[in-house]
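Colleague: Before I rely on the terms used for this model, I should like to hear the reasoning behind them. May we go through them one at a time?

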Amino acid sequence: MTPDDPAFEFVENMPWASHWHEECKKHDGWEPYVGQHLKHPGRFTATPTRKTFPSISAYFEGKPNYLNPEIMKLEPGAVIPPHLHDEDYLYNMAINHPEGCKFGFIRGGLVPYKAGDVYKLNVKADHCVFNDSTEDRYHLVWKERNAD
């Protein structure tokens, strides 16, 4: 990875995102997101299983090169402050992307998300999310085997 690498790259749009969105809205077992031993207001997480998110879980069972799927919920008004990760790349799917929600890179600009869009993100670069909308934003992240 070099400074000239793009911050994000469009991969595909998954047209079944609206079905996954319904699974997310029905789920009542969200866990508070804990990062660096701190709970973050308005941020929640869930690991998809056959019981909790049957469609999402089935999708990943058919993708053995995709690892550690995690669903995130960001409430209206909540923020994921600028941060970076240890790994080089993560896949990030906007299950929904309410109007007013912004996902951006400090160097690289705003990711032009639409519901169902999957981007490969260079997460060693500082990025952040603001949910300046009136509805929850759901997104799904995962790694690819041997991607680093």
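Modeller: Certainly. Please bear in mind that this is a predicted model. We may begin with a pair of residues: Glu31 stands opposite Thr45 in strand 3.

Colleague: What makes strand 2 and strand 3 a pair?

Modeller: Two strands count as paired if there are at least two bridges between them. Strand 2 (residues 31-35) is joined to strand 3 (residues 38-46) by four bridges, and the two run antiparallel. Therefore they meet the criterion for a pair. Another position of this ladder is Val34, which stands opposite Lys39 in strand 3.

Colleague: What lies between strand 2 and strand 3?

Modeller: Two residues lie between them, and the strands form a hairpin. In the turn, Gln36 has a positive phi of about 55°. A positive phi is also found at Asn68, a residue other than glycine, where the value is near 55°. Asn68 lies in strand 4.

Colleague: Why is Asn68 called exposed rather than buried?

Modeller: The term exposed requires over 50% relative accessible area. Asn68 has 56% relative accessibility, and therefore it counts as exposed.

Colleague: Which sheet do strand 2 and strand 3 belong to, and where does strand 2 stand in its order?

Modeller: They belong to an open sheet of seven strands with the order 1-9-6-11-4-3-2 and antiparallel pairing. Strand 2 stands at one end of that order.

Colleague: What makes strand 1 and strand 2 the edge strands?

Modeller: Strand 1 (8-13) and strand 2 each pair on one side only. Neighbouring strands of this sheet are turned by 35° against each other on average, direction ignored. Helix 1 packs on the sheet, where it touches strand 4, strand 6 and strand 11, and its direction makes about 110° with that of strand 11. Helix 2 packs on the sheet as well, touching strand 1, strand 4 and strand 11, and its direction makes about 155° with that of strand 4.

Colleague: How do you know that strand 9 is largely enclosed by the rest of the structure?

Modeller: A residue is buried when its relative accessible area is under 20%. In strand 9 (residues 117-122), five of the six residues are buried, so the strand is largely enclosed by the rest of the structure. Strand 9 is joined to strand 1 by five bridges, in the antiparallel sense, with Phe10 opposite Tyr119. Strand 9 also pairs with strand 6 over five bridges, again antiparallel, and there Met93 stands opposite Val118.

Colleague: Let us turn to helix 1. How do you know that its buried residues line one face of the helix?

Modeller: The buried residues of helix 1 (residues 17-26) are Ala17, Trp20, His21, Glu23 and Cys24. Seen down the helix axis, they fall within an arc of 160°, so they line one face. The general rule is that an α-helix has 3.6 residues a turn, so residues three or four places apart point the same way. On the face turned away from the buried side of helix 1 are the exposed residues Ser18 and Lys26. The buried residues pack against helix 2 (54-61), strand 4 (66-74), strand 6 (89-94) and strand 11 (137-144).

Colleague: Why is Glu23 called buried?

Modeller: Glu23 has 10% relative accessibility, which is under the 20% limit, and therefore it counts as buried. Beyond its neighbours within four places in sequence, Glu23 is in contact with Phe53, Pro54, Ser55 and Ile56. Glu23 and Ile56 are 33 residues apart in sequence, and their C-alpha atoms are 8.6 Å apart in space.

Colleague: Why is helix 1 described as oblique to helix 2?

Modeller: The two helices pack at an angle of about 125°, with their axes 8 Å apart. Roughly perpendicular covers 65 to 115 degrees and roughly antiparallel begins over 145. The angle falls between these ranges, which makes helix 1 oblique to helix 2. The contact is made by His19, Trp20 and Glu23 of helix 1 with Pro54, Ser55, Ile56 and Tyr59 of helix 2. These residues divide into four nonpolar, two polar and one charged.

Conventions. Residues are numbered from 1 along each chain as its sequence is written. This is a predicted model: local features need pLDDT of at least 70, side-chain atom pairs count only at pLDDT 80 or more; totals for chains, interfaces and linings use all residues. Side-chain values use heavy atoms; hydrogens and water are left out. Buried means under 20% relative accessible area, exposed over 50%, partly exposed in between (1.4 Å probe, protein chains only). The arc is that of the directions from the helix axis to the C-beta atoms. Contact means heavy atoms within 4.5 Å. Axes are lines fitted to C-alpha atoms, for helices over the stretch in contact, and angles run from 0 to 180 degrees between N-to-C directions. Angles under 35 degrees count as roughly parallel, over 145 as roughly antiparallel, 65 to 115 as roughly perpendicular and the rest as oblique. Ala, Val, Leu, Ile, Met, Phe, Trp, Tyr, Cys and Pro count as nonpolar, Asp, Glu, Lys and Arg as charged, and the others, Gly among them, as polar.
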